[in-house]
Amino acid sequence: MHIVIIGTGYVGLVTGACFSDLGHNVSCLDIDKQKIATLQKGISPIFEPGLEELIQKGIYSNRLRFIHEHDDSSLSADLFFMCLPTPSGKDGDCDLSYLTKACQDLAPRLHTGYRIIVNKSTVPVGTAEMVKAILSEGIKKDVSFDVVSNPEFLKEGKAIEDFMHPDRIIIGTENQKPKDIMQELYKSFSDTPTIFMDAASAEMTKYAANAMLACRISFMNELAHLAEKFGANIKKIKLGIGLDKRIGSQFLEAGLGYGGSCFPKDIKAINYMAQKEGLFSPILQAIDTTNRNQVPLFVDKIIKTIGSAEKLKGLKIAILGLAFKAFTDDIRESKSLELINELSKLGCELSLFDPVAMENTKQLFDNHPSITFSENEYACVENSDALVLVTEWPQFKVLDFNKIMQKMKKAYLFDGRNFLDKNKLKEMGFYYYGIGN
Ligand code: NAD
């Protein structure tokens with residue numbers, strides 16, 4: 001099939017590269033000219049394992065190309081995938097301006113035939129209807145179309161694997177023609193449950209999935225505070241409940257909370273949807289409240305351990321991990337950024353390291369008087385008074401902690417992900433502080 005991807009970011013680029021690998025003819029369009037120029041050279045502008053190889057394979061096979069505006073070829077496509085940003089608006093609502101703009105731009109250019117506009121962005125219930133209305137207004141009379149909701153569930157860092165082997169495919173449309181075409185498009189995923197539903201349910205399924213996952217994280221974070229108070233250990237509790245098949249063991253890690261470009265904005269958006277309709281949804285609200293408390297509580301723990309906020313002034317703190325999670329360079333809504341801001345306000349000198357997210361972070365803090373970027377973990381901890389682990393990169397687990405200890409001035413270690421071997425580190429002489437651990 002001939003597919004156009006509109007919005008070539010984390011979701012659009014992976015979707016485009018994977019569809020081309022499955023034999024489809026794909027044009028990826030983005031308004032960011034620099035991004036398109038980079039992609040045309042076969043270079044991925046984002047860090048995502050396996051993605052650059054797929055891009056190069058697609059370009060070489062002539063099934064994948066990158067454009068910054070529509071042309072005759074893109075306008076003759078069968079399917080247009082909308083993979084556009086849907087960030088938080090100022091009240092926590094979902095900002096649909098990127099999607100609106102892209103639809104308004106596309107509609108008058110389409111000529112003759114039948115097209116399917118597929119929405120892969122995470123959007124509030126009713127957006128498929130909104131897209132239909134925008135297109136109907138701008139589209140020529142000899143073009144017919146359907147709008148389908150096909151939410152994406154990939155995880156950054158494992159995006160290719162998730163796209164190629166999804167747990168399920170959700171297709172939101174009640175019309176037969178787009179159902180048949182979408183089924184054909186996904187025919188190589190015959191082992192994957194494909195669920196057809198109305199567009200509103202498909203749109204809500206995405207929010208429900210993210211809210212459920214975020215809820216598990218916030219729930220465990222609340223339990224971690226209780227565990228800490230009562231002398232219990234949240235890691236053991238996690239094991240104890242995770243083996244219950246009704247519960248399962250995933251998304252039960254206590255820590256600094258969830259970040260990234262999806263959970264925070266999606267939880268705010270579903271809350272906004274509920275409030276707008278006057279609905280009472282205390283659980284949805286609590287997910288966000290608990291998450292927002294995690295960094296301030298952790299900073300409190302650092303202050304209490306050191307003695308006072310005053311004593312923190314001028315101390316050198318090493319921060320390991322800047323990405324919002326491991327295996328990505330994405331720092332959007334990263335807990336590291338929150339922590340960096342809080343500790344800077346307290347007058348700390350910060351040295352930062354992340355295996356792949358340094359460049360993105362430098363763009364935010366370059367030339368900051370009290371922030372330095374280090375070459376590696378050992379340089380990062382040099383002369384530091386405390387080490388804070390924020391992102392669970394596997395390479396941090398296997399550091400030479402004897403060497404780390406020698407390089408540090410004081411052996412305070414705050415593990416924001418309960419990721420390191422607490423007992424071993426304590427034996428070595430570190431003052432170890434986790435979260436409920
Ligand atoms: P992103 O910011 O990485 O990419 C969006 C791209 O759209 C950018 O490259 C931007 O330049 C481009 N763009 C903006 N306006 C445009 C226009 N008018 N025409 C063409 N291109 C335009 O965003 P993302 O992380 O890929 O997320 C996209 C959507 O998918 C969001 O709704 C998000 O919630 C959802 N989603 C994201 C993930 C994830 O892990 N990132 C997972 C599932 C769903």
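A residue counts as buried when its relative accessible area is under 20%. By that cut-off D162 is buried, because its relative accessible area is 14%. The model described here is predicted.

D162 takes part in a salt bridge. Its side chain meets that of K155, with a distance of 3.0 Å from N to O. K155 counts as partly exposed, at 35% relative accessibility. This pair therefore joins a partly exposed lysine to a buried aspartate.

Further salt bridges are found elsewhere in the model. The total count is 22 salt bridges. K90 and D91 form one of them, with their side chains 3.9 Å apart, N to O. K90 is exposed, and its relative accessible area is 80%. The cut-off for an exposed residue is over 50%, so K90 falls in that class.

Another salt bridge links the side chains of K345 and E342 at 3.2 Å, N to O. Both residues lie in helix 14, which spans residues 335–345. They are 3 residues apart, so about one helical turn separates them. K345 is exposed, with a relative accessible area of 66%. E342 counts as partly exposed, at 28% relative accessibility. Salt bridges with shared partners also join E156, D330 and R332 into one network.

E156 appears again at the ligand. There are 27 residues around the ligand, and E156 is among those that come nearest. The others named with E156 are D30, K35, T86 and K265. By class, the shell around the ligand holds 12 nonpolar residues, 7 polar residues and 8 charged residues.

Several contacts involve oxygen atoms of the ligand. For K35, a polar side-chain atom lies 2.5 Å from a ligand oxygen. V11 contributes through its backbone, where a polar atom is 2.8 Å from an oxygen atom of the ligand. T122 also contributes through its backbone: an N or O atom lies 2.9 Å from a ligand oxygen. Taken alone, the ligand exposes 840 Å², and the protein buries 90% of that area. Two elements give two or more residues to the shell around the ligand. These are helix 1, residues 10–21, and helix 5, residues 97–106.

Technical notes. Residues numbered from 1 in each chain as written. Predicted model: local features only at pLDDT ≥ 70, side-chain atom pairs only at ≥ 80, totals over all residues. Heavy atoms only, no water. Near = heavy atom within 4 Å. Polar contact = N/O pair within 3.5 Å; in protein donor to acceptor, adjacent residues only side chain to side chain. Areas by Shrake-Rupley, 256 points an atom, 1.4 Å probe, with all protein chains shown as cover. Helix = DSSP H or I, 4+ residues; strand = E, 2+ residues; numbered from the N terminus. Nonpolar A, V, L, I, M, F, W, Y, C, P; charged D, E, K, R; others polar. Salt bridge = Lys/Arg side-chain N within 4 Å of Asp/Glu carboxyl O. Buried < 20%, exposed > 50% of the residue type's maximum accessible area, 1.4 Å probe, protein only.
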